[in-house]
Amino acid sequence: MTTSPTTTTVDAVMSGLMRRYSERVPDVQKVLDAMLDAGVIQSPNEIENDHIAFRTMGVPNLGLASFEKIFMHLGYERRDSYNFVEKKLSAYWYSPPGVDSPRPDLPRIFASELRVNELSVEAQRIIHRYTDTVTSDPVDSLDLNDAQAIDQFLHQPLWETPTLADYQTLLAESEYAAWVIYNRYYLNHFTISVHNLKPGYNTIDEFVAFLQERGLRLNSAGGIIKVSPDGDLRQASTVAQMIDAEFADGAIFRIAGSYVEFAERRVLPPFRYLPADQLTRQHRREGFETGNADKIFESTFTTQTGK
Ligand code: OOG
Ligand code: NI
């Protein structure tokens with residue numbers, strides 16, 4: 001079998017993202033160990049990654065218009081848009097290349113952007129103090145066929161480390177702004193496709209009960225399980241783990257890092273007669289849901305992490 005350069009590149013980018021994320025978020029290993037221990041899986045490779053998520057700052061040269069070019073070059077397609085009025089966020093989801101075949105293993109991407117110009121003058125001034133050093137779109141000068149260059153770009157600081165005072169001022173107005181000013185493009189979460197696990201664990205209710213028995217703390221905003229109005233997209237997530245962050249002035253302060261999500265996508269009504277072994281992604285509920293996502297964002301918010 002021959003693999004196209006793009007396939008190789010996208011795989012390398014994904015594994016770089018997942019490696020750093022697993023190192024930074026101890027809950028990833030905790031969830032995997034619990035699943036191995038209970039015999040839910042024999043190997044972590046069996047897990048389908050439903051989607052991964054990124055956050056961006058909506059300012060000139062950055063934001064989704066810049067960020068999405070990376071994954072669209074790798075074959076991802078932009079799909080539906082979502083608007084979060086109160087949180088001042090816009091988002092899209094992107095479907096992976098060859099979703100039907102040959103690559104059903106690649107995750108969807110959910111990427112969001114803060115509408116910076118809707119914040120207070122003070123918050124805008126703080127954000128621009130950092131982001132204004134980016135005077136041209138950094139993705140335009142990136143070789144998008146070079147997985148290592150992309151990997152480096154996604155894990156490099158795009159602007160100076162914030163001061164603790166600036167971080168805290170942003171935190172008081174927009175938890176999302178504070179998260180991005182410190183964490184930049186760090187992977188925000190990966191998502192276990194619960195529906196592909198073995199019976200007894202393949203509904204969100206069963207899986208959430210399992211996680212709670214094992215002592216994992218879950219995001220309770222709007223209820224532990226978030227359900228789309230059609231009933232077919234059901235999601236839950238851990239509360240983001242706190243990391244000791246070092247600020248520009250040398251101050252160390254515990255801030256929210258990343259989290260883990262769990263999603264059950266139910267089989268769509270026309271396909272419910274199909275035997276389980278014939279079901280693939282295209283038979284299940286696709287996309288995302290504004291009402292669910294709005295609460296999942298809060299996995300990194302003080303209202304959850306400080307409980
Ligand atoms: C993304 C929150 C939304 C989903 O699956 O709806 C989300 C974030 O926290 O950046 O992940
Ligand atoms: Ni998500």
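Two strands are said to pair if DSSP finds at least two bridges between them, and this idea is needed to read the predicted model described here.

In this model, strand β2, which covers residues 77-84, pairs with strand β3, which covers residues 89-95, in the antiparallel sense and over six bridges. One residue of this region is phenylalanine 84, whose bridge partner in β3 is leucine 89. Four residues lie between the strands in the hairpin of β2 and β3, and in this hairpin lysine 88 takes a positive phi near 60°.

Strand β3 also pairs with strand β4, made of residues 108-115, again in the antiparallel sense and over six bridges. Here alanine 91 stands opposite serine 112, which belongs to β4.

Most residues other than glycine have a negative phi. With that in mind, the table sets out two residues from loops, each with a positive phi.

| Residue | Phi | Loop between |
|---|---|---|
| Asparagine 61 | about 75° | β1 (49-58) and α3 (63-73) |
| Arginine 184 | near 50° | α7 (175-183) and β5 (189-193) |

How exposed is asparagine 61, judged by its C-beta neighbours? Asparagine 61 has 16 C-beta neighbours inside 10 Å, and because this count lies between the limits of 12 or fewer for exposed and 20 or more for buried, the residue counts as partly exposed. Arginine 184, in the loop between α7 and β5, has 19 other C-beta atoms within 10 Å, and therefore arginine 184 is partly exposed as well.

Technical notes
Residues are numbered from 1 along each chain as its sequence is written. Chains are lettered from A and ligands numbered from 1 in the order in which they are written. This is a predicted model: local features need pLDDT of at least 70, side-chain atom pairs count only at pLDDT 80 or more; totals for chains, interfaces and linings use all residues. Helices (H or I, at least four residues) and strands (E, at least two) are DSSP runs, numbered from the N terminus.
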